[in-house]
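Student: Please take me on a close look at one part of this model, the packing of its interior. I would like one connected account, with the cut-offs stated as you go.

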Amino acid sequence: MTDNPFHLLGEGDTLVVITSEGIEHHLSERGVAPLYQACLNGWLQNAIIVDKVTGLGAAVVMARGGVARYFTRVISRSALAYLESHGVQGEALEVVDGIINRRGDGPCPLESRLSRVADDSYWQVIQDFVFETTNRH
């Protein structure tokens, strides 16, 4: 890994997963869904994540998936605290109070939902959220 891993984020990439085998997966979907799918694919165990924006939902998925290290441009305080409490090491260029939604007029809807439930419910909330947001017509 270089001193500046953000060069790995190509135009259109929102996330890069570097597996423990060194395979790079460049993902362009926004939100937590691509990271969630990477977790289900088994790509996160001992992986390195290079992300643009990391909210609490992404932090939960990273910890559950067994990510070894992350690099992100922006991380919410709640995501940083969660990753630290689960022993996931990383670096962020900017720490913010909360992630803003895509319209820029309020909080991230997933981070909002997670703020209203206990930690042991996080995974179910994320699964429901991904299902709802990827199955819209």
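Tutor: What follows starts with the whole chain, goes on to the interior and ends with a few loop and helix residues.

First, some ground rules. This is a predicted model, in which local features need pLDDT of at least 70 and side-chain atom pairs count only at pLDDT 80 or more, while totals for chains, interfaces and linings use all residues. Numbering starts from 1 along each chain as its sequence is written, and side-chain values use heavy atoms, with hydrogens and water left out.

The chain has five helices and five strands, where helices (H or I, at least four residues) and strands (E, at least two) are DSSP runs numbered from the N terminus. Along the sequence they follow the pattern β-β-α-β-α-β-α-β-α-α. The radius of gyration, taken over C-alpha atoms, is 14 Å, close to the 14 Å that the globule rule gives for 137 residues, so the chain is as compact as a globular protein of that length. That rule is 2.2 Å times the number of residues to the power 0.38. The C-alpha trace spans about 35 × 30 × 30 Å along its principal axes.

Now to the interior. Of the 137 residues, 44% count as buried; buried means under 20% relative accessible area, exposed over 50%, and partly exposed in between (1.4 Å probe, protein chains only). A nonpolar core is a set of buried Ala, Val, Leu, Ile, Met, Phe, Trp, Tyr and Cys residues joined through side-chain atoms within 4.5 Å. The largest one here has 36 residues, and V17, L35, L44, I49, V61, L110 and I126 touch the most other members. At least two residues of this core come from each of β1 (15-18), α1 (33-40), α2 (56-65), β4 (69-76), α3 (77-85), α4 (109-115) and α5 (122-134). Another core lies apart from it, with seven residues, among them F6, V16, I18 and F71.

Two helices deserve a longer look. In α1, six of the eight residues are buried, so this helix is largely enclosed by the rest of the structure. The buried ones are A33, P34, L35, Y36, A38 and C39, and their cover includes β1, β2 (24-27), β3 (48-54), α2 and α5. L35 shows the packing residue by residue: leaving aside its neighbours within four places in sequence, L35 is in contact (heavy atoms within 4.5 Å) with L15, L44, I49, A58, V61 and M62.

Three of those partners, A58, V61 and M62, are among the buried residues of α2, along with L56, G57, A59, V60 and G65. Eight of the ten residues of α2 are buried, so α2 too is largely enclosed by the rest of the structure. The buried residues of α2 pack against α1, β3, β4, α3, α4 and α5.

The backbone after each of these helices is worth a glance. Just after α1, G42 takes a positive phi of about 80 degrees, and α2 is followed by G66, whose phi is positive, near 85 degrees. Most residues other than glycine have a negative phi. N46, in the loop between α1 and β3, is not a glycine and has a positive phi near 60 degrees; at 47% relative accessibility, N46 counts as partly exposed.

Finally, which loop residues are buried and which exposed? T19, in the loop between β1 and β2, is buried, with a relative accessible area of 8%. Not counting residues up to four places away in sequence, T19 touches H25, W43 and A47. I100, in the loop between β5 (89-96) and α4, counts as exposed at 53% relative accessibility. With residues up to four places away again set aside, I100 touches D105, G106, P107 and C108. From C-alpha to C-alpha, I100 is 9.7 Å from S76, a residue 24 positions away in sequence. Helix α5 holds T134, which is partly exposed at 46% relative accessibility.
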